[in-house]
Amino acid sequence: MTASQTVLRNVSGIQAAYRLLPENAPTDVRLPAAVQLPLTGELSYTPSLRVLVHRWRVDVLVDRAGDMQGDLGAALAFVEPVIAAYEANTTLGLSGVFDARPVAYEIVQVQHWQQSFLAVRFTVSCKVKTGVTIN
């Protein structure tokens with residue numbers, strides 16, 4: 001999650017990127033903000049290799065201006081830059097990691113604490129290969 005946070009910090013326009021849900025909702029000066037949440041993991045094996053597939057959610061929260069068309073436009077503006085950031089960093093800079101990329105996105109309303117945000121929600125997946133000996 002830390003390596004993914006680094007990728008998100010480099011997306012133009014994102015003011016704050018959190019490794020996990022922050023203790024407090026992002027304030028206006030920290031929006032747009034990327035918030036991550038682990039979802040699932042899946043394991044597969046061969047006689048000499050273990051592949052762990054991690055999936056997590058990335059919500060890019062945008063400030064609600066009260067203009068739905070403008071809010072949607074602000075959220076949608078992050079689709080291509082976030083996808084491109086992961087495409088440029090499919091290993092997240094880590095050994096054994098490959099194929100880190102968004103596999104889906106949707107526009108959602110998100111409630112964090114007492115605040116409501118519009119967000120583009122990505123499901124991100126990455127694979128980690130580790131050599132193993134199975135007896």
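1. Is arginine 64 buried, partly exposed or exposed? Arginine 64 counts as partly exposed, because its relative accessibility is 31%, and the partly exposed class lies between under 20% and over 50%. Its partner sits on the other side of that lower cut-off. Arginine 64 forms a salt bridge with aspartate 71, and aspartate 71 counts as buried at 3% relative accessibility. The closest N and O atoms of this pair are 3.5 Å apart. Keep in mind throughout that this is a predicted model.

2. Overall layout. The protein has 3 helices and 5 strands. Read from the N terminus, their order is α-β-β-β-α-α-β-β. The C-alpha trace spans about 60 × 30 × 20 Å along its principal axes. The chain holds 135 residues, and 39% of them count as buried. Long-range pairing is well represented in the contact list. Taking contacts with a separation of 6 or more, 59% are between residues 24 or more positions apart.

3. Salt bridges in total. How many salt bridges does a search of the whole structure find? The count is 6. Side chains of opposite charge can pair when their charged atoms come close. One such pair is aspartate 99 with arginine 101, at 2.8 Å from N to O. Aspartate 99 is partly exposed, with a relative accessible area of 25%. Arginine 101 is also partly exposed, at 37%.

4. The Arg57 network. Arginine 57 belongs to strand S3, which covers residues 49-62. Aspartate 59 and arginine 57 form a salt bridge, with 3.5 Å between the closest N and O atoms. Arg121 joins these two in a network of salt bridges. Aspartate 59 is buried, since its relative accessible area is 2% and buried means under 20%. Arginine 57 falls under that cut-off as well, at 18%, so it too is classed as buried.

5. Surroundings of arginine 57. Which residues does arginine 57 touch, not counting those up to four places away in sequence? They are Val35, Gln36, Leu37, Leu39, Arg121 and Phe122. Arg121 thus appears both among these contacts and in the salt-bridge network.

6. Leucine 61. This residue also lies in strand S3. Leucine 61 is buried, with a relative accessible area of 0%. Leucine 31 is 30 residues from leucine 61 in sequence, but their C-alpha atoms are 6.7 Å apart. Leaving aside neighbours within four places, leucine 61 is in contact with Pro26, Leu31, Pro32, Ala33, Val35, Val110, His112, Phe117, Leu118 and Ala119. Val35 is listed here, and Val35 is a contact of arginine 57 too.

7. The largest nonpolar core. It holds 26 residues. Which of them touch the most other members? Val58, Val60, Phe78, Val82, Tyr86 and Leu92 do. Helix H1 and helix H3 (79-87) each supply at least two residues of this core, as do strands S3, S4 (97-112) and S5. S5 gives the most, with 6 residues.

8. Valine 82 and a second core. With neighbours within four places left aside, valine 82 is in contact with Leu8, Val11, Ile14, Val60 and Phe122. Apart from the core that includes valine 82 lies another one, of 11 residues. Ala16, Ala25, Leu31 and Ala33 are among its members. Two of these names return from point 6: Leu31 and Ala33 are contacts of leucine 61.

9. The largest pocket. Rolling a probe the size of a water molecule over the atoms shows where empty space is left. The largest pocket holds about 160 Å³ of space. Its lining consists of Met1, Thr2, Ala3, Ser4, His54, Trp56, Leu92, Leu94, Val97, Cys126 and Val128. By type, the lining has 8 nonpolar residues, 3 polar and no charged.

10. Where the lining comes from. Which element gives the most to the lining of the largest pocket? H1 does, with 3 residues. H1 (2-9), S3 and S5 (115-131) each supply at least two lining residues. These elements also each supply at least two residues of the largest nonpolar core. Leu92 has a place in both settings: Leu92 lines the pocket and is one of the core residues that touch the most other members.

Note on methods:
Residues are numbered from 1 along each chain as its sequence is written. This is a predicted model: local features need pLDDT of at least 70, side-chain atom pairs count only at pLDDT 80 or more; totals for chains, interfaces and linings use all residues. Side-chain values use heavy atoms; hydrogens and water are left out. Helices (H or I, at least four residues) and strands (E, at least two) are DSSP runs, numbered from the N terminus. Buried means under 20% relative accessible area, exposed over 50%, partly exposed in between (1.4 Å probe, protein chains only). Contact means heavy atoms within 4.5 Å. On a 1 Å grid over the protein atoms alone, a cavity is a set of points where a 1.4 Å probe fits but cannot get out, and a pocket is an open set with protein on both sides within 12 Å along at least five of seven lines; lining residues have an atom within 4 Å of a point. Grid points are joined across faces, edges and corners, and a volume is the space filled by probe spheres set on the points. Ala, Val, Leu, Ile, Met, Phe, Trp, Tyr, Cys and Pro count as nonpolar, Asp, Glu, Lys and Arg as charged, and the others, Gly among them, as polar. A nonpolar core is a set of buried Ala, Val, Leu, Ile, Met, Phe, Trp, Tyr and Cys residues joined through side-chain atoms within 4.5 Å. A salt bridge is a side-chain nitrogen of Lys or Arg within 4 Å of a carboxyl oxygen of Asp or Glu.
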